[in-house]
Amino acid sequence: MNSFLKETAASLLKNKGDLKGVKVILPNRRAGLFFTRHLSQLVDKPLWMPEITTIESLFYQWAGKKPADKLTLIYELYLHFRSLTQREESFDRFYFWGEMILKDFNDLDQFLVDPKRLFTNLKEQKTLDSDWSFLSPEQVKLIQEFWASFEGRDRYHQEKFLRFWDILYPLYTRFNAAIESLGLAYGGKIYREVALGLEKLSEPTEHLVFVGFNAFTAAEEKLIRHSVKRFGAEIFWDIDAYYLERPEQEAGLFFRQYLKDPVFGPTFPNPIPRQIAQQKASIKTYTVPLKINQANLVAGLLDQLPEAEHWEETVVILPEEQLLFPLLNVLPENINRVNVTMGYPVKQTPVYTFLEAALELQRYTKIEDGLLVFYHKPVKELLSNVYLRELAPDFTQYLMDELVRTNSIYYPAEALQKGGGIFARVFQQLRSDTILEVVMELIRELAAPMDESSMERTYLFQCYKQMNRLRELFEKEIREEVTVEFFIKLFRQVFAETRLPFQGEPLEGLQVMGVLETRNLDFKRVIICSMNEGSFPPSKAMDSLIPFNLRRAFQMPVQEQNDAIYAYTFYRLLHRAEEVHLIYSTAAAQGQVGEKSRYIQQLQIEMEGLGVQKSDTSVHVPVRLTQIGPICIEKDPRLLKILDRYTDRSGKDQVGTAFSPSALNMYLDCRLKFYLTYIAGLNVPEEVQEAVDPAIFGNLVHQSLENLYAGFISRKGRNRVEASDIDSLKKYISPAVEKAIRSQYFLEDGAAIKLTGQLTIVRDVLQKYLSGVLEQDKRTAPFAIISLEGNKKYQAKLSVDTPTGRMSVNLGGIIDRVDRVGATIRLIDYKSGADKKEFSSIGSLFDREDTSRNKAVMQTFFYGLLYESRHPENQLPLQPALFNLREIFKEDFSPYLLEKVRNGQSHEVIDYGDYREDFIRGLTGLLEEIFDPGQPFDQTEDRAKCAYCPFAKICSR
Ligand code: SF4
């Protein structure tokens, strides 16, 4: 296919024959590479090639210098800013502003603005009319408008701005003088020097040819005009009448001005090409619901192309870089070469995420008992990072599990370093004098196993280069103390805006590019993603400290010029394209509904009369619009076999898997929840719990009470507790609670407990509850402790009839405390929640429709059954009791269950035996249902039960 660069090369060859002594200047290096290739394809004999360069290089060449790197310049700027303002601002805090100030200085130099007049002292504005007579009335009006609006602002902000504005001119002059003396420069400074010294410039030996320019800076315009006028330079314009001749088309904004210029005007082609109208491209637009769907759509479009396609004639343009890796991951397999040319933000690379997490880790270290420990969040972040996971999948998974199992808020470095190599390097405490070296070593280590040509290695290399530069700066220039904190902040600042310049070569294969990288290039097939307002054209406000009116008055670029540049970049792609695919998404971003780009809107209106083929396609990603149907698990033979684990059919002599009261209560709440938890064995992923949630609090209560009485029995060598023992037991409350906390958080004996604020409160509350229990026990004493939860798991069997035959079902549970008071055995359950002791009937305990079904009561009756099973000889009454700690301080506290009888009256449950028959009947009915093949595991109809269910997402509830 023909292209602008190919035609330009052909035209030069035709006119000059030999290109020796010709210098071709293009807007960027990429265009230069394509130009060279076209030229070499056009010649069939040895020939002098022209020198091919960029406009930027031409300036640097004529000035005899190159710009220094940004870090050095910003640091120099910082030194002068600090001395001018006398402020003790740190470099990392200044960096952001430094970048902006440097950019503004660069702009004003490139546009040849007089800094003194721009940064004039606002307090002397009375001189405006006389002093600024060189400005046009419109420019003066713009400046006056700015000051008028500025005067309206509140005093505080006005003063602040004035103070800042007043230092900009002295800062500019001092900074420029300083870098001059150091032999340094920035781009704009070089441009200004060259543009202002053109008259003294001797005629170059080469014939200059400027190719494919659109928007000149003032310095470029001056240089090119001078070159045309004085040295007979040529210009090749890459234009089309379509936008040039329509004043409403922003794409033609600059060309219309240049066309009227006495020097540039005659260099325009005559007639102006009308390629867009002649090409009659097929233009297709696509709507996708989510941004990420664009990658799949592009892959689908490419997949339809024939095998023998010249891939270099197809370009995929990504105005949003985030789409790069999703796209590369889904490209069809027959595309074996891809050239990526775009600036990719370092912040979005995995290596940045990894290094940032490694540095973040350093901010939360501490020494506990002489050991280095790290806060669990950055540790988790690092362990889930792709680099460490790929390197040692088992070790990282083991550490993740350990973190959760031990519920460690801080995790010891020693355990993390056991992975050796990179683990030892990452999980160490970094000192300010080693931090940079370690980070660079980490990059080297990550890169070592990677393929030489891999993209990952490329961006690791680019990051390494930046770090190297940072090191040089620290070694030679930064004169303040580099603390770890300072380094981390600077690291973030430096990489915040850094982009990795991907420049794929050779020019073969599918081309993937950023928008501005397409300048001067033509493709047969153009696919543009993110054709949304805000992406293409971008809506990013200009980063500048110079207010809009002032930029405009001093003819520095404002948004309007930016828009014109993007519009030209878009329309230029239509010059020679045969197929154009424009994709936009309707996904809302940052609170805005996804709106299609104005370019699509424009095309839809403008192309009517041009005979261009258009089509609009909405790409639907299949989504399930129907409600998810009920989930119902039928009891097939395989499932019934699993259920056999709970019965004597399991083949085990001893009681194997047993139904606990919690499992049965869960079954009554929701059969599906029971199935998912106990049959399918779905575990809710555990997390490190920093906060003491109700479940942890409940554990601490149980363990503390267990410790208290187990300690008593062991010390005294007896299980009988007298009222007189209780007072002496009180001093053991604190150790009992501490032991419970130690066990909950896996702290070894002797290791000091560091209590967080919340845990301190929890400890105090626990101690209070324990003293409440002791007070109640004192009233009941004497009593004898028969068993505590730690040493007794009660088990029982119950025969039930099922459609598949009679079977013996295993039951089991742990009773918190069994004691004997007088001639009564008490079956005690400690409760830290708001459980009630009233129930209406035994039947209600098994009635899932009963919204006030009392689970705690069902549980304590269940203990009656378990106790009797172990002690069939028992003749004493078994009294279930609930020690509800929230009520323990009430004057009339009683732990015994209350059965509601007539007229709102209730009576105390004295003996489980009185209820045994009914309870066993209810329980048998429940177990028969569980084993009934005709009763599936289905969802509860009471949606209130789903509120805190971990499976609510599965059930869409
Ligand atoms: S979300 Fe509701 S229906 Fe689903 S398992 Fe949980 S309780 Fe049952």
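**Close-up 1. Helix 17 against helix 18 in the predicted model.** In this predicted model, helix 17 (residues 350-362) and helix 18 (residues 376-383) have axes that come within 9 Å of each other and cross at roughly 160 degrees. Angles over 145 degrees count as roughly antiparallel, so that is how helix 17 sits relative to helix 18. As for handedness, the crossing of these two helices is left-handed. Helix 17 brings A357, A358, E360 and L361 to the contact, and helix 18 answers with P378, V379, E381 and L382. Sort the residues of this contact by class and you get six nonpolar, two charged and no polar ones.

**Close-up 2. Helix 34 packing on helix 35.** Here the axes of helix 34 (residues 733-744) and helix 35 (residues 757-780) are 10 Å apart, at an angle of about 130 degrees. The two helices are therefore oblique to each other. Helix 34 goes past helix 35 in a right-handed crossing. On the helix 34 side, look for I733, S734, A736, V737 and I741; on the helix 35 side, the contact residues are R763, L766, Q767, L770 and S771. This contact of helix 34 with helix 35 splits into six nonpolar, three polar and one charged residue.

**Close-up 3. The five-stranded open sheet.** Follow the strands across this open sheet and the order reads 17-18-21-22-24, with mixed pairing. Strand 17 (720-721) and strand 24 (878-884) are the edge strands, each with a single partner, so one side of each has no neighbour in the sheet. Further in, strand 18 (residues 783-788) pairs with strand 21 (residues 817-821) in the antiparallel sense, over four bridges. A handy landmark is A784, which stands opposite R820 of strand 21.

**Close-up 4. The three-stranded open sheet.** This one is also an open sheet with mixed pairing, and its three strands run in the order 23-25-26. Strand 23 (838-839) and strand 26 (906-908) take the edges; each has a single partner strand, so one side of each is left without a neighbour in the sheet. Strand 25 (residues 898-900) pairs with strand 26 over three bridges, in the antiparallel sense. To find your way around that pair, start at K900, which stands opposite S906 in strand 26.

**Close-up 5. The shell around the ligand.** Which residues are around the ligand? They are C670, L672, K673, Q939, T940, K945, C946, C949, F951, A952, C955 and R957. By class, this shell has seven nonpolar residues, three charged and two polar.

Note on methods
Residues are numbered from 1 along each chain as its sequence is written. This is a predicted model: local features need pLDDT of at least 70, side-chain atom pairs count only at pLDDT 80 or more; totals for chains, interfaces and linings use all residues. A residue is near a molecule or strand if its C-beta atom, placed from the backbone, lies within 6 Å of it. Ala, Val, Leu, Ile, Met, Phe, Trp, Tyr, Cys and Pro count as nonpolar, Asp, Glu, Lys and Arg as charged, and the others, Gly among them, as polar. Two strands pair if DSSP finds at least two bridges between them. Axes are lines fitted to C-alpha atoms, for helices over the stretch in contact, and angles run from 0 to 180 degrees between N-to-C directions. Angles under 35 degrees count as roughly parallel, over 145 as roughly antiparallel, 65 to 115 as roughly perpendicular and the rest as oblique. A crossing is left-handed if the near helix is turned anticlockwise from the far one by less than a right angle, and right-handed if clockwise. Two residues are in contact if their C-beta atoms, placed from the backbone, lie within 7 Å.
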